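This report follows how the helices of one protein chain pack against each other, moving from single residues to helix pairs and then to the core. Please look at the sequence and the model before reading on.

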Amino acid sequence: MKNYETEARSRWGNTDAYREHEQKTKNYTKEKWTEANDGLIAIFAEFAALKNSGATADSDEVQSLVTKLQAHITENYYTCTDEILAGLGKMYVADERFKKNIDKYGEGTAEFASKAIEIYVGR
């Protein structure tokens, strides 16, 4: 985990979002971190369930889930603008670590979430 923190700091440490993240999370307890991270995991599990049910990335249900994802990130980590969300969507498939982690909920979940985010921010 320390390696990821170091990488994030070197890549985004000079951004407002990173500074906001540090400020927002500096007093998080272990329980609060678990709650925030579990919430994120649950959202990706929902993406997988919707994908497996035959929902399309542009469906109202999936697009509502993108809204939920953006709100969760904003509430727990930093203000997730549409621009940041678009970047995250791309990273979910471009960075094999993210892709592998998200695809734990079902093969293709990262690609599905990424496509849903692309549609969402393009509206």
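Ser114 is buried, because its relative accessible area is 9%, where buried stands for under 20% relative accessible area, exposed for over 50% and partly exposed for anything in between, with a 1.4 Å probe and protein chains only. The model is a predicted one, in which local features need pLDDT of at least 70 and side-chain atom pairs count only at pLDDT 80 or more, while totals for chains, interfaces and linings use all residues. Residues are numbered from 1 along each chain as its sequence is written, and side-chain values use heavy atoms, with hydrogens and water left out.

**Helices H5 and H7**

Ser114 belongs to helix H7, helices being DSSP runs of type H or I with at least four residues (strands are runs of type E with at least two), numbered from the N terminus. Once neighbours within four places in sequence are set aside, Ser114 is in contact with Gly89, Lys90 and Val93, contact being defined as heavy atoms within 4.5 Å. These contacts form part of a wider meeting of two helices, in which Asp82, Leu85, Ala86, Gly89, Lys90, Tyr92 and Val93 of H5 meet Ala110, Glu111, Ser114, Ile117, Tyr120 and Val121 of H7. Ala86, a residue of H5, touches Ile117 and Val121 when residues up to four places away in sequence are not counted.

Two packed helices are described by the angle between their axes and the distance between the axes. Here the axes are lines fitted to C-alpha atoms, for helices over the stretch in contact, and angles run from 0 to 180 degrees between N-to-C directions. The axes of H5 and H7 come within 8 Å and cross at roughly 155°. The two helices are therefore roughly antiparallel to each other, given that angles over 145 degrees count as roughly antiparallel, under 35 as roughly parallel, 65 to 115 as roughly perpendicular and the rest as oblique. H5 passes H7 in a left-handed crossing, a term used when the near helix is turned anticlockwise from the far one by less than a right angle, whereas a clockwise turn makes a crossing right-handed.

**Helices H3, H4 and H5**

The axes of H3 and H4 come within 10 Å and cross at roughly 165°. That angle makes H3 roughly antiparallel to H4. The contact is made by Lys32, Ala36, Gly39, Leu40, Ile43, Phe44, Glu46, Phe47 and Leu50 on the H3 side, and by Glu61, Val62, Leu65, Val66, Lys68, Leu69, His72, Ile73 and Asn76 on the H4 side. This crossing of H3 past H4 is left-handed.

Ala36, placed in helix H3, is buried, with a relative accessible area of 0%. Not counting residues up to four places away in sequence, Ala36 touches His72, Asn76 and Tyr77.

H4 and H5 pack at an angle of about 105°, with their axes 11 Å apart. H4 is thereby roughly perpendicular to H5. In this pairing Val66, Leu69, Gln70 and Ile73 of H4 meet Asp82, Leu85, Leu88 and Tyr92 of H5.

**C-alpha separations**

The table lists three residue pairs with their separations along the chain and in space.

| Pair | Apart in sequence | C-alpha to C-alpha |
|---|---|---|
| Ala86 and Lys115 | 29 residues | 9.8 Å |
| Ala36 and His72 | 36 residues | 8.0 Å |
| Phe98 and Ala110 | twelve residues | 7.9 Å |

Phe98 lies in helix H6, residues 96-102, and counts as partly exposed at 32% relative accessibility. Beyond its neighbours up to four places away in sequence, Phe98 touches Met91 and Tyr92.

**The nonpolar core**

Which residues have the most contacts inside the largest nonpolar core? They are Phe47, Leu69, Ile73 and Tyr92, in a core of 27 residues, a nonpolar core being a set of buried Ala, Val, Leu, Ile, Met, Phe, Trp, Tyr and Cys residues joined through side-chain atoms within 4.5 Å. Helices H3 (30-52), H4 (60-76), H5 (82-94) and H7 (109-122) each supply at least two residues of this core, and the largest share, six residues, comes from H7. Leu69, leaving aside its neighbours within four places in sequence, is in contact with Leu40, Ile43, Phe44, Phe47, Leu85, Tyr92 and Ile117.

**Helix H2**

In helix H2, residues 16-25, Ala17, Tyr18 and Thr25 are buried. They are on the same side of H2, because they cover an arc of only 100° around the axis, the arc being that of the directions from the helix axis to the C-beta atoms. The face of H2 turned away from this buried side carries the exposed residues Asp16 and Gln23.
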